[in-house]
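Subject: Structure handover and notes

Dear colleague,

I am passing on the structure we spoke about, with the sequence and the coordinates shown just below. After them come my notes on what was found.

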Amino acid sequence: MSFVLSAASELGTEEWLKPWSGTNGGNCVEAKKLGDGRVALRQSKEPDGPALIYTEEEINAFITGAKAGEADYLLS
């Protein structure tokens, strides 16, 4: 999996969502689907900080793998 690193501020302030927010003190990952199908991820407490940008295929592989339990080792 590869990614592009960009300044989140260059991607605008609209349409960022917190699909993984919870009771973690406001430390949330925010996601934004870009016009070309790629997905940008940023840390909610640093909205002007860096954003990681993944292709549609990469984010699909990550979500599919996470749902299948392939990232469970990160929880222990």
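Two strands are taken to pair here if DSSP finds at least two bridges between them. With that in hand, Ala7 can be said to stand opposite Pro50 in S4, and this position belongs to the antiparallel pairing of S1 with strand S4 (residues 50-54), which runs over 4 bridges. Please keep in mind throughout that this is a predicted model.

The overall layout

The chain holds 1 helix and 4 strands, and from the N terminus on its elements follow the order β-β-β-β-α. Of its 76 residues, 29% count as buried, while its accessible surface comes to about 5,400 Å², with 55% of that belonging to carbon and sulfur atoms. If one considers the contacts between residues at least 6 apart in sequence, 36% of them join residues at least 24 apart.

The sheet

The 4 strands form an open sheet in the order S1-S4-S3-S2, and the pairing is antiparallel. At its edges are strand S1 (4-7) and strand S2 (29-33), each of which pairs on one side only, and from one strand to the next the twist averages 30°. As general background, the strands of a sheet pair through backbone hydrogen bonds, in either a parallel or an antiparallel manner.

The helix

Helix H1 (residues 56-67) lies across S2, strand S3 (39-43) and S4, and its direction makes an angle of about 90° with S4. A check of its length is reassuringly simple: at 1.5 Å a residue, the 12 residues of H1 should span 16 Å, and because its end C-alpha atoms are 16 Å apart, the two values agree.

Which residues of H1 are buried? They are Glu58, Ile59 and Gly65, and they cover an arc of only 135° around the axis, which means that they sit on the same side of H1. The background to such a pattern is that an α-helix has 3.6 residues a turn, so residues three or four places apart point the same way. S3 and S4 are among the elements that cover these buried residues of H1, whereas Glu57 and Lys67, on the other side of H1, are exposed. After H1 comes Gly69, whose phi is positive, near 90°.

Two loop residues

In the loop between S1 and S2 one finds Glu15, a residue other than glycine that nevertheless has a positive phi, near 70°. For comparison, most residues other than glycine have a negative phi. Is Glu15 buried or exposed? Its relative accessible area is 59%, and since exposed means over 50%, Glu15 counts as exposed.

The loop between S2 and S3 contains Leu34, and here the outcome is the opposite one: with a relative accessible area of 13%, Leu34 falls under the 20% cut-off and is therefore buried. Once its neighbours within four places in sequence are left aside, Leu34 is in contact with Leu11, Ala40 and Ile53. Leu34 and Glu56, for their part, are 22 residues apart in sequence and 9.7 Å apart in space, taken from C-alpha to C-alpha.

With best regards

How values were computed
Residues are numbered from 1 along each chain as its sequence is written. This is a predicted model: local features need pLDDT of at least 70, side-chain atom pairs count only at pLDDT 80 or more; totals for chains, interfaces and linings use all residues. Side-chain values use heavy atoms; hydrogens and water are left out. Buried means under 20% relative accessible area, exposed over 50%, partly exposed in between (1.4 Å probe, protein chains only). Contact means heavy atoms within 4.5 Å. Accessible areas come from the Shrake-Rupley method with a 1.4 Å probe; for residues, only the protein chains shown count as cover. Axes are lines fitted to C-alpha atoms, for helices over the stretch in contact, and angles run from 0 to 180 degrees between N-to-C directions. The expected span of a helix is 1.5 Å times one less than its number of residues. The arc is that of the directions from the helix axis to the C-beta atoms.
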